[in-house]
Amino acid sequence: MIFNLANPLRFQRLIEKIEPITLNIAIILLLVGLFFCFFGSPPDYLQGETVRIMYIHVPCAWFSLMIYSIIALCSIFSIVFKHTLADLISRSCAPIGACFTLATLLSGSIWGKPTWGTWWVWDARLTSELVLLVIYLGLIIINNAYEDKSKADRYSSILAIIGIINLPIIKWSVDWWSTLHQPASISKFSSPSIDPSMLLPLFIMTFSFFFFFISILLVRVRGEIIQRKIEVIRFNRMV
Amino acid sequence: MKKKNKRLITISIFMVFFTFGCAILLFNLRENLIFFYSPTEVFEKQIETTQMIRVGGMVKDESLVKKIKTIEGRQLEEISFVITDFENELVISYIGILPDLFKEGQGVVVEGFLKNVGKFEARTVLAKHDENYMPPEIKDIKSIKDNKI
């Protein structure tokens with residue numbers, strides 16, 4: 001099944017079918033989610049209305065990590081099995097992940113000023129998330145730095161694999177070291193310390209961002225497939 | 001051996017060593033990676049009074065005192081409070097504006113200099129938010145319940 005889809009052309013046909021559906025779901029969920037963010041959820045007992053920034057910040061942070069995991073998996077797959085589709089996906093993911101990371105940092109900063117009393121501190125969580133942004137930018141630069149795409153893919157894969165080490169650091173920085181950033185509210189091993197009325201908008205926004213990510217990713221992957229095709233045609237003409 | 005397997009093994013070995021190396025590095029850099037000390041750590045370490053440090057903990061209930069002080073002809077409000085990690089306490093004095101979320105019984109991180117034993121002069125006060133989010137009504141119900149128990 002997976003190897004059947006791993007054929008870029010078949011994948012492209014599948015994309016054309018799925019893409020409009022995912023984008024529509026994302027927009028509908030976004031509208032519902034935004035309603036719950038601003039009107040359908042209570043203010044926090046301590047932070048007041050500032051808590052609403054969390055509904056953007058937390059999903060963005062989750063996806064900044066998830067997208068990096070996808071890139072890392074694809075990079076391992078690309079280096080081991082030399083499959084083009086893995087390269088195309090990791091190449092397409094990098095700018096999206098960078099945007100989510102930037103959104104996380106910016107929304108966190110806007111939340112930090114009224115809550116903590118500062119825009120930025122160099123604590124382990126904030127710094128490791130900034131490092132993630134730098135790695136994403138590195139991947140984007142490498143992806144575009146070489147005329148020879150296969151060379152670019154190989155080097156960016158190596159960077160992505162080295163960068164995996166940053167993921168557990170971001171995830172558990174709040175538990176390993178004392179940080180200004182609070183520990184996770186939602187974890188596997190305990191019931192969430194967020195009230196259900198606040199979890200609802202959070203999860204709707206998360207699903208909305210997920211479908212948004214998928215639809216943007218599909219557009220980008222399709223673009224990459226077409227670009228590679230053009231390159232092959234050009235190459236054949238030259239010969 | 002197939003080339004594929006060889007590459008897979010190379011990557012795996014690299015990852016194991018790299019992770020191990022990073023783990024050792026981070027473990028040894030712990031002192032530099034933590035954002036603040038707890039009051040207990042402050043007492044355990046011999047910290048110079050000229051060294052700027054950060055200390056974090058809970059603001060002790062009913063420890064917040066505000067008094068007007070005249071310094072260089074200007075009237076300033078000196079704030080003092082106690083932070084605790086439920087083992088040791090540190091008396092903080094601070095002149096400036098407290099963040100909105102500063103409250104007794106909530107977490108706080110202060111940056112400044114250690115004066116004599118158990119005293120700390122803060123330059124910056126940052127409120128630390130915990131991982132609990134709830135609407136005000138539920139907070140009221142919970143605090144009523146806690147008081148009954």
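**Helices and the A–B contact**

Modeller: This is a predicted model. The buried residues of α5(A) are covered by elements that include α3, α4 (84-115), α6 (149-163) and α7 (166-176) of chain A, together with α2 of chain B.

Colleague: Which residues of α5(A) are buried?

Modeller: They are A:A124, A:R125, A:L126, A:E129, A:L132, A:I135, A:Y136, A:L139, A:I142 and A:N143. To be called buried, a residue needs 20 or more other C-beta atoms within 10 Å of its own.

Colleague: What makes the span of helix α5 of chain A agree with its 22 residues?

Modeller: Helix α5 covers residues 124-145 of chain A. At 1.5 Å a residue it should span 32 Å. Its end C-alpha atoms are 31 Å apart, so the two agree.

Colleague: And how do you know that the span of helix α3 of chain A agrees?

Modeller: By the same kind of check. Its 28 residues, 54-81, should span 40 Å at 1.5 Å each. The end C-alpha atoms lie 40 Å apart, so that agrees.

Colleague: Why is α3(A) called largely enclosed by the rest of the structure?

Modeller: Because 21 of its 28 residues are buried.

Colleague: What follows α3(A)?

Modeller: A:K82, with a positive phi near 50 degrees.

Colleague: How many residues does each chain give to the contact?

Modeller: Chain B gives 31 residues and chain A gives 34. On the chain B side, α1 (3-28), α2 (30-33), β6 (119-128) and α4 (136-148) each give two or more. The largest share, seven residues, comes from α1(B). By class, that side has 19 nonpolar, four polar and eight charged residues.

Terms used: Residues are numbered from 1 along each chain as its sequence is written. Chains are lettered from A and ligands numbered from 1 in the order in which they are written. This is a predicted model: local features need pLDDT of at least 70, side-chain atom pairs count only at pLDDT 80 or more; totals for chains, interfaces and linings use all residues. Two residues are in contact if their C-beta atoms, placed from the backbone, lie within 7 Å. Helices (H or I, at least four residues) and strands (E, at least two) are DSSP runs, numbered from the N terminus. Ala, Val, Leu, Ile, Met, Phe, Trp, Tyr, Cys and Pro count as nonpolar, Asp, Glu, Lys and Arg as charged, and the others, Gly among them, as polar. The expected span of a helix is 1.5 Å times one less than its number of residues. A residue is buried if 20 or more other C-beta atoms lie within 10 Å of its own, exposed if 12 or fewer, and partly exposed in between; C-beta atoms are placed from the backbone.
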